[in-house]
Amino acid sequence: MSTRGKKVGVAKKKTISKKSAKGKKEKDPNAPKRPKTGYIFFSAEERVKVKEDNPDLGFGDITKQVSAKWKDMSEEEKEPYLTLAKKDKERYEKEMSKYKTASASKKKKKADSDEDDDEDDDDDDSDE
């Protein structure tokens with residue numbers, strides 16, 4: 001039996017969410033996704049082409065080629081991707097405003113219901 005590539009005798013650690021461990025606010029799964037940049041749109045398109053031309057390249061090597069192409073492109077060549085990024089940013093801003101409005105109304109409803117609960121507690125004290 002080969003143990004190559006396997007850790008033998010190492011106990012698994014319990015994973016703690018890094019976000020909560022560092023004290024960061026946990027991300028709301030209902031929040032809109034952040035907008036993509038022009039480079040992200042370009043790399044998604046270009047990665048497929050590079051992979052077809054060089055199927056033996058690994059992920060890191062493909063990324064190096066894609067980023068080198070992006071760096072060598074002129075502003076005019078980048079323009080279609082930057083336009084897509086601008087549209088995606090507008091989409092994000094619209095979704096985010098709707099999300100903030102909805103979450104604000106949920107918080108207000110929760111605060112109102114908490115106040116109602118507190119008022120009920122006061123009534124219980126007077127009965128004694």
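This is a short tour of a predicted model, with one selection after another to make in your viewer.

**Start with the whole chain**

Colour the protein by secondary structure. You will find 4 helices and 0 strands. Follow the chain from its start, and the pattern reads α-α-α-α. Now colour by burial. Of the 128 residues in the protein, buried ones make up 13%. Several of the next stops are among the buried residues, so keep that colouring at hand.

**Stop 1: Trp 70**

Select Trp 70. It lies in helix H3. Is Trp 70 buried or exposed? Its relative accessible area is 15%, and Trp 70 is buried because the cut-off for that label is under 20%.

Keep Trp 70 selected and add Gly 38. These two residues are 32 apart along the chain. Draw a distance between their C-alpha atoms, and you should get 9.8 Å.

**Stop 2: the aromatic rings**

Show the side chains of Tyr 39, Phe 42, Trp 70 and Tyr 81. Together they form one aromatic cluster. A search of the whole structure gives 4 aromatic pairs. We will visit two.

Zoom in on Phe 42 and Trp 70. Their ring centres are 5.3 Å apart. The ring planes meet at 40°, so this pair is tilted. Now look at where the partners sit. Phe 42 belongs to helix H2 (residues 38-53), and Trp 70 to helix H3 (residues 59-72). The pair links distant parts of the chain, 28 residues apart. Phe 42 is buried, and Trp 70 is too.

Stay on Trp 70 and turn to Tyr 81. How far apart are the centres of the rings of Trp 70 and Tyr 81? The distance is 6.3 Å. The planes stand at 70°, so this pair is edge-to-face. Tyr 81 is in helix H4 while Trp 70 is in helix H3, so the pair ties together parts that are 11 residues apart in sequence. Both Trp 70 and Tyr 81 are buried.

**Stop 3: a salt bridge between helices**

Next come the charged side chains. The structure holds 4 salt bridges.

Select Lys 69 and Glu 46. They form a salt bridge, and their closest N and O atoms are 2.7 Å apart. Lys 69 is in helix H3 and Glu 46 is in helix H2, so the bridge ties together parts that are 23 residues apart in sequence. Compare the two ends. Lys 69 is partly exposed, at 36% relative accessibility. Glu 46 is buried, with a relative accessible area of 9%.

**Stop 4: a salt bridge inside helix H2**

Move to Lys 49 and Glu 45. This salt bridge has its closest N and O atoms 3.7 Å apart. Why are Lys 49 and Glu 45 separated by about one helical turn? Because they are 4 residues apart in helix H2. Lys 49 is partly exposed, with 38% relative accessibility. Glu 45 is partly exposed as well, with a relative accessible area of 37%.

**Stop 5: a network in helix H4**

Slide along to Arg 91 and Glu 95. They form a salt bridge, with 2.9 Å between the closest N and O atoms. Here again the residues are 4 apart, this time in helix H4, so about one helical turn separates them. Arg 91 is partly exposed at 26% relative accessibility. Glu 95 is partly exposed too, at 34%. Now add Asp 88 to the selection. Salt bridges with shared partners join Asp 88, Arg 91 and Glu 95 into one network.

**Stop 6: two charged patches**

Switch on the surface. Select Lys 27, Lys 33, Arg 34 and Lys 36. They gather in a patch of positive charge on the surface. Click on Arg 34. It lies in the loop between helix H1 (18-22) and H2. Its relative accessible area is 64%, so Arg 34 is exposed.

For the opposite charge, select Glu 75, Glu 76, Glu 77 and Glu 79. They form a negative surface patch. Click on Glu 76. It lies in helix H4 (residues 75-126). At 65% relative accessibility, Glu 76 counts as exposed.

**Last look**

Show both kinds of stop together. The aromatic cluster holds Tyr 39, Phe 42, Trp 70 and Tyr 81. The positive patch includes Arg 34, and the negative patch includes Glu 76.

Note on methods: Residues numbered from 1 in each chain as written. Predicted model: local features only at pLDDT ≥ 70, side-chain atom pairs only at ≥ 80, totals over all residues. Heavy atoms only, no water. Patch = residues over 30% accessible without salt bridge, like charges linked within 9 Å, V, L, I, M, F, W, Y side chains within 5 Å. Areas by Shrake-Rupley, 256 points an atom, 1.4 Å probe, with all protein chains shown as cover. Lys, Arg positive; Asp, Glu negative; His and termini not counted. Charge placed at Lys NZ, Arg CZ, Asp CG, Glu CD. Buried < 20%, exposed > 50% of the residue type's maximum accessible area, 1.4 Å probe, protein only. Phe/Tyr/Trp six-rings, centres within 6.5 Å; stacked < 30°, edge-to-face > 60°.
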